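Reader: I would like to know how the labels given to parts of a structure are justified. Please take them one at a time.

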Amino acid sequence: MLIIDISIEKEDNPQLIFESINSTGVDLNEGDKIRNYVLMDLEIALQTNFYEKYWKEIEQLTERGGEQDGVGLFVRDFLTAQTSVIPNLASIYSAFKKYCSDNEDLIHEREKLFDLLLAYAKVYHYLLRPEDMPNPEIARGISYLNKQEVTPSYPYLVEVLLLWSKKMLSDEQAVNVLDILDSYVFRRQMCDLPTNSLNKVFADLHKTIMRLDETIPYDERLKIVLFEKNGRARFPRDGEFKQAIKEKNVYDMRSKNRKYIFARLENGLTLDAKVFGCRDVVYDKIECGDYTIEHIMPQT
């Protein structure tokens, strides 16, 4: 191990010096850079206090396992929710610095920034770990979206869960929002509509809803906004959806989508549906191979 002690003048920017030195070594991920940016210019005691009080918990809440940059991906979704612009994966740190320069009060009063990030991280955690969600119906809705791998919805869902956590959205409304999105995504999938158009739909969905008449319930405003979409972003109506179900070659769909369809059918048609909180037993049994999906007609 080499320990390097560098003396700098008061007018020097330690973050810039750190970045230039690190550029010759092992690349930091975006989350590491953001952590250093928000902590490095503070007095040591304050650094320690903010790290222990806020940053450590943010890292734990957004952790994704493996080598994934949990904090970086969280900040990307946070920035999308705040600005309606989706940062490039390689430039999350740059986008975060720009966000801070555009909101100088968050840098001057640093605890405001940490408060904001932690508030988002606490509800973001439920998207990554629905099993930790105290409301089983909301947990189920999140898990169904996760099974369809609708990660572009995270910047929108984090705003919904934030409203719910502040009691500005009822349990029933939150469940309705998740059901509407589940239907929207599944119908689009069955009608072979491209998934890449969802990024832009979700990036400014919350802000678009909030611009509508506030006397209309939030979940009803969501329907209005989605039903107004056309072209590749449209919400397939019943006629288009029914025709797609008749024609879709479900057997050759991607494995994860096929599992989702059969699990939802099985649980929707039986009186003793095997769903406990966010755990769908039928889906789990298909996943582990206890249940298998067979073709009925010969494949040739």
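Author: The questions below deal with a predicted model and set values against cut-offs.

Reader: Why is Leu2 called exposed?

Author: Exposed means over 50% relative accessible area. Leu2 has 79% relative accessibility, so Leu2 counts as exposed. Leu2 is placed in the segment before α1. Together with Ile4, Ile6 and Ile8, Leu2 forms a nonpolar patch on the surface, with about 450 Å² of accessible area.

Reader: What makes Lys98 and Asp102 a salt bridge?

Author: The cut-off is a side-chain nitrogen of Lys or Arg within 4 Å of a carboxyl oxygen of Asp or Glu. For Lys98 and Asp102 the N to O value is 2.9 Å, so the pair meets in a salt bridge. The two residues are four apart in helix α5, and are therefore separated by about one helical turn. Lys98 counts as exposed because its relative accessibility is 53%.

Reader: Which parts of the chain does the salt bridge of Lys256 and Glu149 tie together?

Author: The closest N and O atoms of Lys256 and Glu149 are 4.0 Å apart, and the pair forms a salt bridge. Lys256 lies in helix α15 and Glu149 in the loop between α8 and α9, so the pair ties together parts that are 107 residues apart in sequence. Lys256 is buried, with a relative accessible area of 14%, whereas Glu149 counts as partly exposed at 48%. Glu149 also takes a positive phi of about 55°, just after α8.

Reader: How do you know that α9 is largely enclosed by the rest of the structure?

Author: Buried means under 20% relative accessible area. In α9, 11 of the 12 residues are buried, so the helix is largely enclosed. Among them are Tyr154, Glu159 and Trp164.

Reader: How do you know that the length of α8 agrees with what is expected of a helix?

Author: Helix α8 has 12 residues and should span 16 Å at 1.5 Å a residue; its end C-alpha atoms are 16 Å apart, which agrees. At the N-terminal end of α8, Asn135 acts as a cap, with a side-chain oxygen 3.0 Å from the backbone nitrogen of Glu137.

Reader: Cys100 and Cys288: which is buried and which is exposed?

Author: Cys100 counts as buried because its relative accessibility is 2%. Cys288, at 53%, counts as exposed.

Reader: How many disulfides does a search of the whole structure find?

Author: The search finds zero disulfides. The cut-off would be a pair of cysteine sulfur atoms within 2.5 Å.

Terms used
Residues numbered from 1 in each chain as written. Predicted model: local features only at pLDDT ≥ 70, side-chain atom pairs only at ≥ 80, totals over all residues. Heavy atoms only, no water. Buried < 20%, exposed > 50% of the residue type's maximum accessible area, 1.4 Å probe, protein only. Patch = residues over 30% accessible without salt bridge, like charges linked within 9 Å, V, L, I, M, F, W, Y side chains within 5 Å. Areas by Shrake-Rupley, 256 points an atom, 1.4 Å probe, with all protein chains shown as cover. Expected span 1.5 Å × (residues − 1). Polar contact = N/O pair within 3.5 Å; in protein donor to acceptor, adjacent residues only side chain to side chain.
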